[in-house]
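Subject: Structure handover

Hello,

Here is the structure I said I would pass on. Please look through it before reading my notes.

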Amino acid sequence: MFLHRRKLIILFIFLLLFGMLAGCGSSKTTEESGGIVVVDDLGKEIRLKETARRIVSLYPAHTENLFALGLSEEIVGVSGNETYPPEALTKPGFSFRGDTERVIAARPDLVLSRPFISNANPDFITKLEAAGIPVVTLYPENIEQFFTYLQKLGKLTGKEKEAGDLVDGFNKRLQEIEEAVEQISPEERKRVFFETNQDDLKTCTSDSNAAFVLERAGAVNIAADARAVREGSTIAAYGQERLLTRSNDIDVYIVQNGEMNRVREQDVYNRPGYRIIKAVRERQVYVLDEEIMSRPTMRLLDGIVEVGSILYPHVFEQLGNGQ
């Protein structure tokens, strides 16, 4: 009886050790086989067996950044709202408002989403995931997150070196811009109001991509204390009444033009009450493309140069337009 029990104990220990070793071996095999793990902006852990080779991008910024990483053939679908680069316009367009079956039929091994899409259309995302398609939800709200985001895109697509090169290139160009802006004295700095939405007059929060563009261009953002309309948003409420109390402080009025804010310079000049604003009186209203002001891509550098060229042409003409 004692010997029988002893044999059972030895057998149990052997099986336990074997299981532990097998578990370790399995984990190591997953790493060696190129298994990829990424945590997205919704806190979901997404696992890919190998780098993505058939990608559907549901947000123009994702599309632009994929092209910047040197990917083209791997992109099998886009949001349909792309404008840059020109090659993106040749890709099939998909809508997150009802194209689930078309997306599935494209056989992607990765779908790139953003929080707005995933939160507003959870059924769309759920159906894709039920079909076995990994969905990664990403949206960098500021420049630090942008660098991390590029690294995640690189990891998902096997372009980690290229992602690192993009980050290095961005920082190198940014340093050149900073050295030029240092020439501008505090007394010369222009005070700017930046409009993101004309409805109820909104601006950007101080931690947004647009605020980063303004700051690095040497602007003094008079609405730097504006609060977000809701938690997690970089859109801030401001209001016309509050704006007009600062009318003499606004040297330059910059408007973001894009999908959510269709506006022309003359529209601003014609708004009731706006004639008391210094920038309006002095014809210093400028409309700039949302794509270079707020969209998280390498072209934020273009936005900095564009704003800087408006505010301090004598300084920024030295920089040219190259990244």
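Below are the notes on its cores and some of its helices.

This is a predicted model, in which local features need pLDDT of at least 70 and side-chain atom pairs pLDDT 80 or more, while totals for chains, interfaces and linings use all residues. Residues are numbered from 1 along each chain as its sequence is written, and side-chain values use heavy atoms, without hydrogens and water.

The largest nonpolar core (buried Ala, Val, Leu, Ile, Met, Phe, Trp, Tyr and Cys residues joined through side-chain atoms within 4.5 Å; buried means under 20% relative accessible area, with a 1.4 Å probe and protein chains only) has 60 residues, and F170 and V307 have the most contacts inside it. Helix α7 (residues 160-181) gives the most to this core, 8 residues. Helices here are DSSP runs of H or I, at least four residues, and strands are runs of E, at least two, numbered from the N terminus.

The axes of α6 (residues 143-157) and α7 come within 7 Å and cross at roughly 155°. Axes are lines fitted to C-alpha atoms over the stretch in contact, with angles from 0 to 180 degrees between N-to-C directions. Because angles over 145 degrees count as roughly antiparallel, α6 is roughly antiparallel to α7. Among the residues in contact (heavy atoms within 4.5 Å) are F146 and L150 of α6 and F170 of α7.

Helix α2 (residues 60-68) is largely enclosed by the rest of the structure, because 8 of its 9 residues are buried. Those buried residues pack against β3 (55-57), β4 (75-77), β5 (110-113) and α6. Just after α2, G70 takes a positive phi of about 95°.

Regards

Note on methods
Buried < 20%, exposed > 50% of the residue type's maximum accessible area, 1.4 Å probe, protein only. Parallel < 35°, antiparallel > 145°, perpendicular 65-115°, else oblique.
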